[in-house]
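User: I'd like to go through the empty spaces and the surface of this protein with you. Can we take it step by step?

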Amino acid sequence: MTVNEKPVVHIIGMGSMGAIIAMNLMEHTQCEIVPLFRNIAKCERFVKDANSSITINRIYSEYEGDNATISHKIERYYAPEIYPTEEPIRNLIVATKTYQTQNAIKPYLPYINSETNLILVQNGLGVLEQIKDGIFAPETNQERPQLFQGVIAHGAFQLSEFTFNHACDADFKIARLPWSHLDMVQPCELVTNDSSNNELMHLFTDSTFAKLFHVSHLTYQEMLIGQLVKFLGNSCINSVTATVDALNGELLDCCRETFTSIVEESLSILKTVYKPLFDYEKEYNDKNSYPSLNISRTFELGPLVDGIVYLCCVQGGKNSTSMRQDTLNLRDTEIDYINGFVVKMADKFEMGPNSSKVNKTIMELVNLRSGLNRARAREDKS
């Protein structure tokens, strides 16, 4: 591997998650961050309103005083209309909303090739299938990048367009993402090889950054466990805080019954969708080249719900979820890729209408909240 002295990392989606990753990379590694904004108007606001800087306020307990805020000036930033045509994209972080992924990447496809490292850092499930059958479908003749997944448990929310609160210090799991479910199970040597020979993975596993941002570089099956746990947490905290309009911590003493209903139903469906993962213990735990995983214990209902409540409502008690922020700011939510994914999979696997009735109700309540907020906003303008 030839690692540049100062690797260039492009980011699509400079929202809360994109921003905290970008600022921590700038703070703790030698890399250049290049945001790819949606249009020239946002580039102009970035200069005028923020002096070309991104600011992060770390409001969790470990930071106080001057050390709590980090701000970095960005030297280069582009929109699709002004991207330099001679510059291929070598490393790309995609941290957009799930439903925005294809349209956000599409303008930059001419600069993406088989040597590009592309990592998806998003809530929800189903994006891989979307891009595999869309912008990277075989009939498009578009070269497929080296694909990775990031599962981020850190909590953050937006204060203004270029200022964010980092509200919960948690972890960041990363893994190579297989283009096919047939390659779901990976040997340990793949992780070792990527850490040494892939520029983006080498950057994420830099000792200082990995320690301070709590990075775990894993096989896909290990990461998928974390992804499903995070997904189940999001299925609870995002949808419920959006529906009742609450900060995470406000739910601490009253959420367990609702969370249990969501997790129990979702698990029953995910065990069918990801059957190779839930069969992993008996198939691979005795093989030397593969990690030994205790999947049954990880997804034991009671302790799993306890962990979700603690992470979301205690450790992330000051956080306002992205879905709540979306409903408050009258934006589309990612509900179709979270609770809606469970409903869609129950239908795909013909599990019957009663198999996903909790998640379907949660979807309807989030959409009700979104519709109500928009109706009230229209009335205020009239």
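**Patch, cavities and pocket**

Analyst: Let's start on the surface: Leu252, Tyr310 and Val314 make up a nonpolar patch there, with about 270 Å² of accessible area together. This is a predicted model, where local features need pLDDT of at least 70 and side-chain atom pairs pLDDT 80 or more, while totals for chains, interfaces and linings use all residues. Residues are numbered from 1 along each chain as its sequence is written, and side-chain values use heavy atoms, with hydrogens and water left out.

User: What makes Leu252, Tyr310 and Val314 a nonpolar patch?

Analyst: Patch residues need over 30% relative accessible area and no salt bridge (a side-chain nitrogen of Lys or Arg within 4 Å of a carboxyl oxygen of Asp or Glu). Nonpolar side chains (Val, Leu, Ile, Met, Phe, Trp, Tyr) are then joined within 5 Å, and like charges within 9 Å. The areas come from the Shrake-Rupley method with a 1.4 Å probe, and for residues only the protein chains shown count as cover.

User: Why does Leu252 count as partly exposed?

Analyst: Buried means under 20% relative accessible area, exposed over 50%, and partly exposed in between (1.4 Å probe, protein chains only). Leu252 has 34% relative accessibility, so partly exposed is the right label. You'll find Leu252 in the loop between α8 and α9 (256–273); helices here are DSSP runs (H or I, at least four residues), strands are too (E, at least two), and both are numbered from the N terminus.

User: How many cavities of 30 Å³ or more are there, and what makes something a cavity?

Analyst: The structure has 2 of that size. On a 1 Å grid over the protein atoms alone, a cavity is a set of points where a 1.4 Å probe fits but cannot get out; a pocket is an open set with protein on both sides within 12 Å along at least five of seven lines. Lining residues have an atom within 4 Å of a point. Points are joined across faces, edges and corners, and the volume is the space filled by probe spheres set on them. The largest cavity holds about 170 Å³, and the second largest about 50 Å³.

User: Which residues lie nearest the centre of the largest cavity?

Analyst: Among its 17 lining residues, those are Leu125, Gly126, Leu128, Gln149 and Gln227. α4 (127–132) and α8 (220–244) each supply at least two residues of that lining.

User: And how much space lies in the second largest pocket?

Analyst: About 400 Å³. Of its 19 lining residues, Gly126, Glu129, Phe341, Met345 and Lys348 are closest to the centre.
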